[in-house]
Every structure is written in structure tokens, then in C-alpha cells.
Amino acid sequence: MQPVSVSEVAKIIKDTIKNQPELIDIAVRGEVTNYAARAHHYFSIKDEKATLKCVIWSSRASKMDVLPLENGTKVVLMGSITTYPMGSIYQLDVYDCIIEGKGDLYKKFLEMKEMLLKEGLFAVERKQTIPVFPEWVGIVTSEKGAALQDMLRVFMEGPGLEIVVVDARVQGEGAAATIAQGLNSLNGKVDVIIIGRGGGSIEELWAFNEEELARAVFACETPVISAVGHEVDEVISDFVADVKVSTPTAAAELIIQTMEKLIEGYGLLTEAMHNIMEERLNSARQTLDLYDMDLRRRMVESRLGMSKTELRRIEERLTFHTLNRVALIRESIATLNTALRTTWIAGIEESGLAALYQDGKRIREAATFSKGGFEGQLRDGKIKGEVKEIEV
Amino acid sequence: MKFEEILEKLEKVTEELDNDNIPLERAMKLYEEGVKLSKLADEILSKAETRVRQLSESEN
């Protein structure tokens, strides 16, 4: 298949949309959300299932009677769908607006937010940290909602967890109370609690704006994650909760990803531990080998020493005996001497060590050296030198 | 012990172990402790299989 460039794909999409009569000069009904005033007016309108990005260019805005400036306002917008290939975005290019509802609920939301903010329910210092490796996760949401299935799907693919689901009504009269009850029943019994539901209109999400729920979240000793709606929705429980995420799926992902990072860290740590110990043992083994060599040499020397004493004794006793027997013993001493030399030189060869002598005596420790000349025996020959300084 | 506590201890053990100046005997002790900790962690990870249960009305 012949690959096409990104720009070419963008052009195809742009042309398709531009030539689609159902997307030109249309009226779209929705609720204003995510409003941001910059040089131009950027915002979205949404319903239960979808969000549509909108733009009002400042040149157009100055000619419009009313502007949909307030989040939560119900509007009908006139415009055409255009694309913005740089951002892979499609949007409603608005040229007119009819306000359908003044957004009473939104006003109420702002008042509630203001009140609880003043009371300190959103205070950062009151926020608890979410445990990085929870064993028990509580979820308060509708058993029948897609939000629960979305979360469970993510959890099932992660490390093992015990999940406790408490069914709650997530919209309509009394919903806030059932969510608050769910929170209370899980409080202290799990490591973290997620409260949430999928996206919706401000009315549908209202339970998460109610004071009763806000206070329950605040009082909850177990850390709470607020996971309400889709990206653009903002509710009071988001501000009170210890952590806010934009969707229920994101809540599950946050927990799973943190755990996975920790498991990865654990793997690296144990690997490092084993490596360090192995290195340590290797170097200990080398030191041990040196000691072992020294020990073997001493053994040979002591055997030689015995032979010398023996020789003397024998010499004393056998004054009358033939000299060639003595010569035989002398010869054996010579053999032992050679053996000793071989062992020692083998040792030097192995490790690259040198034997140091002063006044004909082998010296092993710095403390027993005195200043002045010394001789060194190496694998391939002798050296002579001078001791200038001694540090012990 | 919780997984993150084990990890924290393991971190300390490895850090001390990484110091060449500690005697071999101490290093062996630390390593032994580290291996024990990692066994505990492995146990947690191996038994873990996600289970979902509903909190019933009566427990509620």
C-alpha cells in the first residue's frame, strides 16, 4: 500500500467535511463548558454523550448580540464545522447564538464552590496521598453504569487487587445521599475509594455538586479519588477529593500505573542487590585466595623448619655415621627449599606480588620495615630500592 | 507488611550493601535480609489476582 502524508490525510478530512451539507450552516444545541476567553472565544458545548469544540472569532463576536460566555448555559449555536489540521481538531465555527437557559444550576455550582472554598474544604494541606500500592480499592458508583465496566476493564489487566463495589444512584433525587452512604460504608475498610460516573449534563452530574456529598468526601478518612464525567466536566467533589481525575477510566489507570511503576522499581532494586552482593563475594574470594597462598607458603616453610631441626638432631646423633647419609638429608632439604621457591614464585606469578627483604630478612608488614635499603623478589628477577617513608 | 514498606526496607538494605566499607559479615547479613524481603514481596505479587465483590445492603 502506498503511504500518504499526514497533510494529505488532513486535506481529505477537510474536504470531506467542507463538502458535507449536513455540517454547513447548522444549529447545534448543547450546554456551554470549558469556556476560555483569549483573543478569540474558545469553549465547548456538550450533551450526555459528546462534546463539540467551538470557536467564535473576535471579528464575529463583536457583531453578535449575545455570547455564550457562561459555563452551564444552554445554547443553540449557528455555524459550520471546520477543521484545524495542526491540532487534529474539528470545531464549530460559530456566527450566531441563542441562549435557551440562563444556567441556574451553574450559578448554584459557583456559589457552592465559593462557600466550601471559604470553609477550607478544598485546602491542599488537607489532601491525603493516594497509597502507591493499595490492596483494597473501593468503588462507589452505579452497578449498572458504563463507568464501572470501564474501571473494571482496566483493573482486570493490572496487578492483583481486592475491589469492593458499592452500588449508588449517580443521578436524580437522593443520589448524593446514596453516594455519601457508600463512602461511609467503605471508610476505613479499604485503602482508597473512587467515586464517579460517566459524563452528562449539569443536571445529571448534580449529585456530585451537592453539599451533603462534599462534606462526606471531606470527612472520609480513606483517600478519595473523584472521577466524574468526561474531560471537560467539573464538579464540587473534584475539588474536595484528595485526587481528581477526568474520567472513571483515568482513576483506574492512575492506580494501576502507579502500582506497575512500583513493581518495575522493585525488580530493578532486587537485581541491583544481587549484583552488588555478587561483586562483593567475588572480591572477598580474591582476598581469600591471597590468604590461602600465604598459608600454603607458611606450611611449606614450617615443614622446612622441622627438617632443619631434624637434621641437626640427626647430625648430632650420627656423628659416627657416614657422611653421605647426611648429604642425603641435606639433599632433601635442598629439594624442600626448591619446592618452597617454586610455590612462592608460582604465587608471585599468579598475583603479580613481590616478596620484600631487608637485611636478608623477609618483611611482610610496613611496621617492621625500617628506613633504608630493601630488596624485592619478583617473578622475573630482583629489584633494589630504598624505604623513604613508612605509614602504618 | 505492605508492598511499599517492603520496598522501602529493600531500598535501605541495598543502599547500605552498596557501601564497600562495610565488613563482609555485615554485607552477608544485609543480603540475607534483602532476600527475605524480596521473598515477601514476591509472595504478595504472586498471590495477587484481582477479585471484585459487591458490598451487600446488609453490610452497608
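These legends go with close-up views of a predicted model with chains A and B.

**View 1. Where chain B meets chain A.** Here we look at the contact between the two chains: 34 residues of chain B touch 35 residues of chain A. Putting them together buries about 3,000 Å², and carbon and sulfur atoms account for 66% of that area. On the chain B side, the residues to look for are Y31(B), T50(B) and L55(B), which lose the most area to chain A and together make up 18% of what that side buries.

**View 2. The polar side of the A–B contact.** Between chain B and chain A there are 13 residue pairs in polar contact, counting pairs with both residues at pLDDT 80 or more. Three elements of chain B, namely α1 (3-17), α2 (24-47) and β1 (51-54), each put at least two residues into the side that touches chain A. The biggest giver is α2(B), with 11 residues. Sort that whole side of chain B by residue type and you get 18 nonpolar, 7 polar and 9 charged.

**View 3. A salt bridge across the two chains.** Zoom in on D191(A) and K2(B), which form a salt bridge with their closest N and O atoms 3.2 Å apart. Side chains of opposite charge can pair when their charged atoms come close. In total, 2 salt bridges run between chain B and chain A.

**View 4. A strand from each chain, side by side.** Strand β7 of chain A (residues 162-167) pairs with β1(B), in the parallel sense and over 4 bridges. To find your place in this pairing, start at I163(A), which sits opposite V52(B).

**View 5. How confident the predictor is about chain B.** Chain B has an average pLDDT of 84, and 90% of its residues score at least 70. Going element by element in chain B, α1(B) has the highest mean pLDDT, at 90, while α2(B) has the lowest, at 87. A word of caution for any view: where pLDDT is low, the predicted coordinates should not be read in detail.

**View 6. A salt bridge between two helices of chain A.** Now we stay within chain A, where E119(A) and R215(A) form a salt bridge, their closest N and O atoms 2.8 Å apart. This pair links distant parts of the chain, with E119(A) in helix α3 (residues 104-119) and R215(A) in helix α6 (residues 211-219), 96 residues apart. Over all chains, the structure holds 14 salt bridges.

**View 7. Strands β1, β2 and β4 of chain A.** Strand β1(A) (residues 26-37) pairs with β4(A) (residues 74-84) in the antiparallel sense, over 6 bridges. A handy marker for this pairing is G30(A), opposite V75(A). Strand β1(A) also pairs with β2(A) (residues 41-46), again antiparallel, over 5 bridges. There, T33(A) faces S44(A) across the pairing. To go from β1(A) to β2(A), follow the hairpin that joins them through 3 residues.

**View 8. Strands β11, β13 and β14 of chain A.** In this view, β11(A) (residues 355-358) runs antiparallel to β13(A) (residues 372-378), and 3 bridges join them. Look for Y357(A) opposite E375(A). Strand β13(A) also pairs with β14(A) (residues 381-387), in the antiparallel sense and over 7 bridges. For this pairing, a good place to start is G373(A), opposite E386(A) in β14(A).

Conventions: Residues are numbered from 1 along each chain as its sequence is written. Chains are lettered from A and ligands numbered from 1 in the order in which they are written. Side-chain values use heavy atoms; hydrogens and water are left out. Contact means heavy atoms within 4.5 Å. Buried area is the accessible area (1.4 Å probe) that two parts lose on being put together, summed over both. A salt bridge is a side-chain nitrogen of Lys or Arg within 4 Å of a carboxyl oxygen of Asp or Glu. A polar contact is a pair of N or O atoms within 3.5 Å; within protein, one must be able to donate a hydrogen and the other to accept it, and residues adjacent in sequence count only if both atoms are side-chain atoms. Ala, Val, Leu, Ile, Met, Phe, Trp, Tyr, Cys and Pro count as nonpolar, Asp, Glu, Lys and Arg as charged, and the others, Gly among them, as polar. Two strands pair if DSSP finds at least two bridges between them. pLDDT is the predictor's confidence in each residue, from 0 to 100.
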